[in-house]
Amino acid sequence: MNYRFPVFYSSLFAGHDTGLGHPENAGRLSAVVDHLKNCQNSGLQADEWATQIAWIEPSARSVLPHVCRVHDPGYVNQLDAIAQRGGGHIDSDTVVSPQSYDLALLAVAAWLDGVDWVWQQKSPAFALVRPPGHHAERDRGMGFCLLSNAAIAAHYALTCPGISRVAILDWDVHHGNGTQALVEANANLAYCSFHQSPAYPGTGAASETGQHQNVLNLPLPPGAQLADYQQRWADQARPFLADFGADLMIVSAGYDATQADPLASLSLQPDDYRWFTHACWELMGPRILFGLEGGYDFSALACSVAATIRCAIENCAVSS
Ligand SMILES: [Zn+2]
């Protein structure tokens, strides 16, 4: 069987240098890559699912037109200028290093490659990138995020023949204020977010429902665990997404809702992402692109990404 699960990834992403002690650092991706490769290469002990992973470099495609459809071109130029003059801070915790502009564009390329793969192959994919994106707004980066990867990918997907509606599910522990703002005006895009409240960035109240009733925010109190997610999925998220009827789902896959995460206070376990992935699968089948957002405990992050990919691969095996 030739089935492959693509992970769009480049070791170059390590060049986005956020500085000493920053939680969003290059160690995050190397922890994930090391863990997945360990699962792949353990000889006779290798995990069957992990042997299906194909590591694919993001393409050298031109992404600027797609970026500038979503972001203010003046802001995009500003990012380039900050990087070219040696880097700087956009806000107290959002860093642009000399390579950050080019790598933010490479991250977008990985997400767009993922959209193409999912739609053309009718098979899921994972964009394993940094910097993350869901806090970035039209004219400013914030919260470790420079470009709104998920929103750019969703708007791009609408240009692909045969795709008329795209849903974004954001399971990062923080509300994706940028993504929501950049998709809610388009009735063919939907945004559904599970997030801790109160927490950064302070947006994402249940009363924010979008310009076309195309936004569903599901704030969770500190300490919430899998059963709380399952109830909100069954009662609200699943009906909302089923009614919307997307052709493609994009998951803003942050993994900072795990109990071990140092930046938030929810209580998911890494294996809980198997349930979440399976729930998406029951709704969408294989038409799902996962893209990395947050997740700051290296071990929990690596195990959670593996749980997501394992579930997607095992579901593909069952359905083929
Ligand atoms: Zn987050």
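Which residues of strand 1 (residues 5-8) are buried on one side, and which on the other? The first legend gives the answer; the model shown in every view is predicted.

**View 1. Strand 1 is covered on both faces.** Phe5 and Val7 are buried on one side of the strand, and Pro6 and Phe8 are buried on the other. Strand 1 pairs with strand 2 (residues 53-56) through four bridges, in the parallel sense. Within strand 2, Ala54 is the bridge partner of Pro6. Strand 1 also runs parallel to strand 5 (residues 125-127), joined by two bridges. In strand 5, Phe126 stands opposite Val7, and Ala127 is the bridge partner of Phe8.

**View 2. Eight strands form an open sheet with parallel pairing.** The order of the strands is 2-1-5-10-9-6-7-8. Strand 2 and strand 8 (215-220) stand at the edges; each has a single partner strand, so one side of each has no neighbour in the sheet. On average, neighbouring strands of this sheet are turned by 15 degrees against each other, direction ignored.

**View 3. Helix 8 packs on the sheet.** The helix touches strand 6, strand 9 and strand 10, and its direction makes about 165 degrees with that of strand 9. Helix 8 comprises residues 272-284; its 13 residues should span 18 Å at 1.5 Å a residue, and the 19 Å between its end C-alpha atoms agrees with this. The buried residues of helix 8 are Tyr273, Arg274, Phe276, Thr277, Cys280, Trp281 and Met284. These residues lie on the same side of helix 8, because they cover an arc of only 165 degrees around the axis. They pack against strand 6 (166-170), strand 9 (248-253), strand 10 (288-292) and helix 9. Gly285, just after helix 8, takes a positive phi of about 65 degrees.

**View 4. Helix 9 (residues 298-319) is mostly covered.** Of its 22 residues, 16 are buried. From its first C-alpha to its last, helix 9 reaches 32 Å, close to the 32 Å expected at 1.5 Å a residue. Helix 9 is also one of the elements against which the buried residues of helix 8 pack.

**View 5. Helix 3 (residues 73-84) crosses helix 4 (residues 100-121).** The two axes come within 8 Å, and the crossing angle is roughly 135 degrees. Helix 3 is therefore oblique to helix 4. On helix 3 the contact is made by Leu79, Asp80 and Ala83, and on helix 4 by Ser100, Tyr101 and Ala104.

Notes: Residues numbered from 1 in each chain as written. Predicted model: local features only at pLDDT ≥ 70, side-chain atom pairs only at ≥ 80, totals over all residues. Buried ≥ 20, exposed ≤ 12 C-beta atoms within 10 Å, placed from the backbone. Pairing = 2+ DSSP bridges. Expected span 1.5 Å × (residues − 1). Arc of directions from axis to C-beta. Contact = placed C-beta atoms within 7 Å. Axes fitted to C-alpha atoms, helices over the stretch in contact; angles between N-to-C directions. Parallel < 35°, antiparallel > 145°, perpendicular 65-115°, else oblique.
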